[in-house]
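Reader: Please take a close look at a single part of this structure, and then set it beside a few other parts. I would ask that every term be given with its cut-offs.

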Amino acid sequence: MLRVAVVGSGPSGCYTAQCLVQQDPEVLVDVLDRLPCPFGLVRYGVAPDHEKIKSLQGNLRTVLEHDRVRFLGGVRVGGPGGLPVERLRTLYHAVVYCVGAATDRHLGIPGEDLPGSWSATEFVSWYSAHPDSVAEEGFVREVRSAVVIGVGNVAVDVTRMLARGAAELSPTDMPQQALAALAASGVTEVGMVGRRGPSQARFTTKELRELGGLPDTEVIVDPAELALDPAYADPSGLPAPQRRNVDVLRGWADRPAGDAARHIRLRFFLRPVELLADGGRVGAVRFERTVPDGHGGVTGTGRFEDVEAQLVLRSVGYRGVPLEGLPFDTVSGTVPHTGGRVVRGGTASPGEYVAGWIKRGPTGVIGTNRPCAKETVTSLLADAPALVHKDVPPDPAAVLRAAGTETIGWAGWQAIERAEAELGARLGRGIVKLADWDSLLTAARTAAP
Ligand code: NAP
């Protein structure tokens with residue numbers, strides 16, 4: 001019987017496990033995660049107010065409850081104190097790394113590390129109750145104006161969360177401290193700024209349009225700035241998704257000004273060059289005006305504009321992190337592979353595979369992980385006849401526990417879910433996420449081993 005470890009229980013890990021059990025009636029799959037909670041970015045990345053996308057958790061749950069799939073939380077692979085990749089390889093016939101892209105890209109400009117400047121990832125982790133979140137309520141305290149750098153879907157998410165009020169946030173599973181801080185925040189101006197033009201923005205139309213439907217919030221665009229983009233005047237040559245974005249922006253540009261309490265200003269052709277301090281914290285972002293270079297890029301004009309901001313969220317994409325013991329391409333931030341097989345020293349290494357963002361980079365929506373997982377599983381199962389002869393222990397989880405790892409199984413996760421429902425009931429809300437390691441582990445330990 002083939003024993004496979006999938007490292008990471010986010011969408012790519014779950015789809016890989018699903019594909020394995022669907023295609024091989026014999027395979028046994030352990031899905032490992034360093035956290036006691038499954039679902040990766042669906043739990044810790046999808047915005048709390050995006051209930052429809054979050055409901056995908058139900059599909060991933062079905063995979064982890066399959067009788068030949070086992071969730072093993074609390075198992076860190078690689079890094080200090082983690083299970084070395086070489087050791088993991090001895091416990092299973094094959095290992096599939098689905099570890100995502102765990103960090104954020106940097107701007108590399110002066111002032112980037114000033115207090116009040118955060119990566120969008122840090123902000124998302126905070127309101128999603130990630131137990132490693134570094135920030136606290138101070139995020140939005142005494143902030144009137146915020147600037148979000150980047151015009152992708154994460155930028156739209158964090159912009160929307162800054163603009164939402166208590167009534168809209170309270171029904172979500174957002175942790176109580178983040179809810180209280182956002183509900184009490186005095187943020188009235190949010191700028192979302194792209195270095196290229198509106199036709200090159202990375203957000204999707206559904207997400208963009210949602211900004212226009214927020215209560216007591218007005219989206220403001222400057223028609224003259226949009227018109228710097230030749231494709232704004234004549235969008236006929238654009239692919240449909242970009243054309244739809246331009247249409248939405250044009251609708252906002254044509255609208256008369258309203259009297260909403262909050263404003264979202266969508267800006268384009270502004271490249272961040274420096275974060276300016278005010279009293280030891282960020283006070284503004286200096287941008288250089290850019291113009292199209294005719295090849296899809298932009299060039300600077302030497303003209304600058306300072307935009308006030310007591311909070312700056314840098315939302316310029318994720319980046320993969322090397323896992324000690326696995327090859328890594330530092331340029332793309334991914335593990336080199338062919339058809340999902342990890343490539344070591346120019347040769348495919350049977351028994352080691354990748355899927356998801358660590359394989360193809362941080363792009364695409366959740367569903368993109370399905371075909372990606374399928375490709376990897378096809379390679380793995382083609383190699384399986386040679387791999388299955390390797391001697392592996394009958395129960396790798398028992399080996400891990402004997403070596404001192406406190407594995408959190410499905411019952412532990414279900415105990416966390418119960419604790420989150422109880423917390424929500426006490427607070428007069430629905431489910432409310434537990435936001436720290438202690439609470440998560442205490443809850444998980446109430447489960448029968
Ligand atoms: P993204 O889509 O790659 O967008 C990154 C943004 O940052 C782009 O606007 C990019 O501009 C800009 N940028 C990069 N480097 C910059 C720099 N040095 N200075 C200024 N701007 C810079 O990344 P993301 O928003 O993090 O999203 C990651 C993936 O998750 C995407 O596939 C996204 O669709 C997905 N996602 C989906 C949803 C959803 O479906 N609701 C929600 C969240 C995330 P350029 O284009 O000029 O490089």
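**A helix crossing and its surroundings**

Author: Helix 17 and helix 18 cross in the right-handed sense, meaning that the near helix is turned clockwise from the far one, whereas an anticlockwise turn of less than a right angle is left-handed. The model is predicted, so local features need pLDDT of at least 70 and side-chain atom pairs pLDDT 80 or more, while totals for chains, interfaces and linings use all residues. Residues are numbered from 1 along each chain as its sequence is written, and side-chain values use heavy atoms, without hydrogens or water.

Helices here are DSSP runs (H or I, at least four residues), as are strands (E, at least two), numbered from the N terminus. Helix 17 (residues 410-426) packs against helix 18 (residues 437-445) at about 115°, with axes 7 Å apart; axes are lines fitted to C-alpha atoms over the stretch in contact, and angles run from 0 to 180 degrees between N-to-C directions. Contact means heavy atoms within 4.5 Å. On helix 17, Gly 412, Ala 415, Ile 416, Ala 419 and Glu 420 meet Leu 440, Ala 443 and Ala 444 of helix 18. By class, this contact has six nonpolar, one polar and one charged residues.

Elsewhere, helix 7 (residues 153-163) has nine of its 11 residues buried, that is, under 20% relative accessible area with a 1.4 Å probe and protein chains only (exposed is over 50%, partly exposed in between). Among them are Asp 157 and Arg 160. Trp 126 belongs to helix 6 (residues 120-127) and is buried, at 6% relative accessible area. The C-alpha atoms of Trp 126 and Gln 177 lie 9.4 Å apart, across 51 residues of sequence.

Note on methods. Ala, Val, Leu, Ile, Met, Phe, Trp, Tyr, Cys and Pro count as nonpolar, Asp, Glu, Lys and Arg as charged, and the others, Gly among them, as polar.
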